[in-house]
Amino acid sequence: MLDIKVLRQEPERIKEALKKRFNPLDIEPAIELDKQRRAILAEVEQKKAKQNEITKQIPQMKKNGETTDQIFAEMKELSNDIKADDEKVRDIDEQLRNFMLRIPNIPNPEVPVGKDDTENVELRKFSEPRKFDFEPKAHWDIGKDLDILDAERAAKVTGARFHFYKGLGARLERAIISFFLDTHCQNGYKELLPPYIANSDSLYGTGQFPKFMEDEFKLENTNYYLIPTAEVPVTNYHRDEILQGDDLPIKYCAYSACFRSEAGSAGRDTRGLIRQHQFNKVELVKLCKPEDSYNE
């Protein structure tokens, strides 16, 4: 989530970033809410200062034998005003938080702008796609012919968008996971085996919420969700901690099963291993200083 100071100090930068992402979000309501919040906080500080000033007068008034009924009535009125203002601030804070969570990251200025992937810019190319002198089979047909994938029985056991990996298919999946974990560990990453369940704070922490809330599998009557990627638990591993700059970068790799409801993808890639409700992935997470992030 962007810092509110960025919204306050660089609104035009955010508006330009939203244009580049073809995002119609209007940030003016959030800017206005921030102004209201700061105005109310300034009033509260003045009222508290006045409250303190009046409080200091009471001992002397009692000493002089003066009545304090009027001053206590004024104190009660100030206290009620402060409580009402605090409630307003809490309400604005909630509105602002919900709004800020909807603002996407500001893109790198070097990223070319395009309406969709047809306008992607090719930066480099390695090798050439293989050409066949016959009609190649789809991977789901190859998997069935080799008896290494079984979608039909997975559908019986669970439902659509699941697979059994069988025999050499299961061994190949396990071998690929181990190969990548071993490779990354040899390159300085520390391996983590994370929980496959995370709470909502973790999903907000990596931006899955609120944007992708409908894509998550929620455990009924809990604040727990099946993770859509190991990025969620691993990135939140140091949440709410202060890290020493000299310890950066910190590099983690992690294998996990990943779970996604694929809401909104009905009819798309319904065959094979694409858009599964459950799939395996090795994730890389690197924590570093902002100025070093692109080099990392």
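This section describes a three-stranded sheet, a helix that lies across it, and two nonpolar cores in a predicted model.

In the predicted model, an open sheet is formed by three strands, which follow one another in the order β3-β6-β7. The pairing within this sheet is mixed. Strands β3 (190–192) and β7 (278–287) occupy the edges; each has a single partner strand, and therefore one side of each is left without a neighbour in the sheet. On average, neighbouring strands of the sheet are turned by 25° against each other when direction is ignored.

The two pairings can be described in turn. Strand β6 (residues 250–259) and β7 run antiparallel and are joined by ten bridges. Along this pairing, Ile 250 of the one chain segment stands opposite Leu 287 in β7, while the bridge partner of Ala 257 is Asn 280, also in β7. By contrast, β3 and β6 run parallel and are joined by three bridges. Here, Leu 192 is placed opposite Ala 254 in β6.

The surroundings of the sheet were also examined. Of the ten residues of β6, nine are buried, so this strand is largely enclosed by the rest of the structure. Helix α7 (residues 168–186) lies across β3, β6 and β7. With respect to β7, helix α7 runs at about 5°.

Attention now turns to the nonpolar cores. The largest of these has 19 residues. Within it, the residues with the most contacts are Leu 7, Ile 14, Ile 27, Phe 99 and Ile 103. At least two residues of this core are supplied by each of the helices α1 (4–9), α2 (11–20), α3 (28–63) and α4 (69–100). The largest share, six residues, comes from α4.

Ile 103 illustrates how residues from separate parts of the sequence meet. When residues up to four places away in sequence are not counted, Ile 103 touches Leu 2, Leu 7, Ile 14, Leu 25 and Ile 27. Three of these partners, Leu 7, Ile 14 and Ile 27, are themselves listed among the residues with the most contacts inside the largest core.

Another core, of eight residues, lies apart from the largest one. Its members include Ala 230, Val 234, Ala 254 and Val 285. Ala 254 thus appears in two settings, as a member of this second core and as the residue in β6 that stands opposite Leu 192.

Conventions: Residues numbered from 1 in each chain as written. Predicted model: local features only at pLDDT ≥ 70, side-chain atom pairs only at ≥ 80, totals over all residues. Heavy atoms only, no water. Pairing = 2+ DSSP bridges. Helix = DSSP H or I, 4+ residues; strand = E, 2+ residues; numbered from the N terminus. Axes fitted to C-alpha atoms, helices over the stretch in contact; angles between N-to-C directions. Contact = heavy atoms within 4.5 Å. Core = buried A, V, L, I, M, F, W, Y, C linked by side-chain atoms within 4.5 Å. Buried < 20%, exposed > 50% of the residue type's maximum accessible area, 1.4 Å probe, protein only.
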